[in-house]
Amino acid sequence: MDEILALVESLKTGSSNPDGRTPLGSFGLISCDNTVHIRQIPFYEPCIIIVLSGRKLIFDAPGTMTCEAGTTVAVPAPSHFSMRNEVDPHGHHYKALLIPFRDDDLERLRLAHKIEPIAMQKEVGILKFERDATLVEAIKHYLGGNGDPHLRDHRLLEILLILAKKNMRLLAYAFSGENWGRRVRTLLSTDLARAWEIGEVCQRLATSESALRRHLKAENTGFRELLHELRMGTALTLLLQTSHPVYRIACDCGYQSVPRFTTNFHQRFGLPPKALRTTVTETGKKLDVHGHPTAA
C-alpha cells in the first residue's frame, strides 16, 4: 500500500495547488486526520475503494464489514452505505484511494473475455477483496497511465478482470441498467444551483409529469427527494475533495442560505459540514457529482 500511496503523492506533488485538492485523473484520494463517521453515503455509480492506511468500517444490512489497510472493496450503485473511517493509531491518519467505473465497463470486460453472464439469486452488495500482489501491481499500472485517458481506461479493465476472477459476482453490478432516476440525476447535475422544477425536467426528457412521477415511484423515489439527495451527495464530495469554502459549496448545490444548508447536511449525514471539513487534510480529484462518484 505504501507504493500506491507514494505514487499518488507524486502525482499530487506535480499539481498546481499545493494543498493537493486538484484533479489527478479518474480517481480520488481521501485523507483524514481524525476518525469520521458518515451516515448513508450515496453511490450513483459503482467504484473500487482501496484502504491505504487506517481502517474503514462499512455498516451494511448483514452486519459490519471491517476493512484494514490493504483491503479493496467494490461498491455497487445506486446504493447508500454508512461508513466510518478510522485513523491509523501509529501514523495518525486514514487514507483511501477511490477508483470509479461504469456499468458498461463490466459489460465490455465480459464480452472481451467471452465470460458467460451469471444469474444472481439476490442483489449483490459490497464485495471485499484481501490484499493481493497482482492487484497491487495492476493499480500501480493504472495510476502510472493517468496522463493518457485511453491507456487509463484499458488498465481499469485489467483491475476489474482481476477482481472478477476472484469473485464473479462483480459482473452482476452491470445489471442495474438504465433507469429514470439516473436520467434525472444526470440532467440535474449539469447545474445543481438552478431552481429546477419537474415540468422543465419532463420537457427535457421528453416525457409527461405524470409518467415521470410514476417511473420514479416505481424506483422508490420522487423528484424532490432525488434532487435533495443529489445536492447533499454533491456537497459531501465537494467538502471531501475540494478546498472550496462552505458558503461556496452551499451556493453551488442550490442553497442560498448557509444555515439551511448546514442544517440539512447535518440531518442527512450526522455531522455538520465544518466538522467534516476539519477531519480532512488532503484529497485527490473532485469526481463527477452525478456518479463518478461519491466520497470514499
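Okay, let's start right in the middle, with Ile50: its bridge partner in strand E8 is Leu97. That's one spot on a longer seam, since 6 bridges join E3 to E8, and the two strands run antiparallel. Bear in mind as I go that this is a predicted model.

Ile50 also looks the other way along the sheet, where it stands opposite Thr72 in E6. Right beside that, Ile49 has Val73 as its bridge partner in E6. Overall, E3 pairs with E6, residues 72-75, in the antiparallel sense over 4 bridges.

So how many of the 7 residues of E3 are buried? The count is 7 of 7, and the strand is mostly covered. E6 is covered on both faces too: Thr72 and Ala74 are buried on one side, Val73 and Val75 on the other. From E6 we can keep walking, as 3 bridges join it to E9, again antiparallel. There, Val73 stands opposite Lys128.

A quick reminder for anyone who doesn't look at strands every day. Strands of a sheet pair through backbone hydrogen bonds, and they can do that parallel or antiparallel.

Now, what sits around these strands? The largest nonpolar core has 38 residues. Leu97, which we've just met, is among those with the most contacts inside it, along with Ile4, Ile99, Ile159, Leu160 and Leu170. Strands E3, E8 (94-100) and E9 (127-129) each give two or more residues to this core, and so do helices H1 (2-13), H2 (103-112), H3 (133-144) and H4 (149-166). Which element gives the most? That's H4, with 8 residues.

If you want one residue to click on, try Ile159. Leaving out residues up to four places away in sequence, it touches Ile48, Ile99, Leu135, Ala138, Ile139 and Tyr142. Apart from that core lies another one, of 37 residues, with Phe43, Ala96, Leu98 and Leu239 among them.

One small stop before the other sheet: Gly28. You'll find Gly28 in strand E1, residues 28-32. Is Gly28 buried or exposed? Buried, because its relative accessible area is 0% and the cut-off for buried is under 20%. Gly28 and Pro100 are 72 residues apart in sequence, yet C-alpha to C-alpha they are 8.7 Å apart in space.

On to the open sheet. Here 4 strands line up in the order E2-E7-E4-E5, with antiparallel pairing. The edges are E2 (36-43) and E5 (63-68), each of which pairs on one side only. From one strand to the next, the twist averages 25 degrees. Inside the sheet, E4 (residues 55-60) and E7 (residues 79-86) pair over 5 bridges, antiparallel. As an example, the bridge partner of Phe59 in E7 is Ser82.

Two helices pack on this sheet. H8, residues 223-241, touches E2 and E7, and its direction makes about 130 degrees with that of E2. H10, residues 258-269, also packs on the sheet and touches E2 and E7, but its direction makes about 90 degrees with that of E2.

There's a helix pair I'd like you to see as well. H5 (residues 180-188) and H7 (residues 209-218) pack at an angle of about 115 degrees, and their axes are 8 Å apart. Who meets whom? Trp180, Gly181 and Val184 in H5 meet Leu212, His215 and Leu216 in H7. By type, the residues of that contact come out as 4 nonpolar, 2 polar and no charged.

Zooming out, the chain has 11 helices and 10 strands. Of its 296 residues, 54% count as buried. And if you take contacts between residues at least 6 apart in sequence, 78% of them join residues at least 24 apart.

Last thing, confidence. The mean pLDDT of the chain is 84, and 85% of the residues reach 70 or more. Where does pLDDT stay under 50? One stretch is residues 16-24, for which the model has 26 contacts beyond four places in sequence. Another is residues 281-296, with 87 such contacts in the model. Where pLDDT is low, the predicted coordinates should not be read in detail. So please don't lean on the contacts there when you open the file.

Definitions and conventions: Residues numbered from 1 in each chain as written. Predicted model: local features only at pLDDT ≥ 70, side-chain atom pairs only at ≥ 80, totals over all residues. Heavy atoms only, no water. Core = buried A, V, L, I, M, F, W, Y, C linked by side-chain atoms within 4.5 Å. Buried < 20%, exposed > 50% of the residue type's maximum accessible area, 1.4 Å probe, protein only. Contact = heavy atoms within 4.5 Å. pLDDT = per-residue confidence, 0-100. Pairing = 2+ DSSP bridges. Axes fitted to C-alpha atoms, helices over the stretch in contact; angles between N-to-C directions. Nonpolar A, V, L, I, M, F, W, Y, C, P; charged D, E, K, R; others polar.
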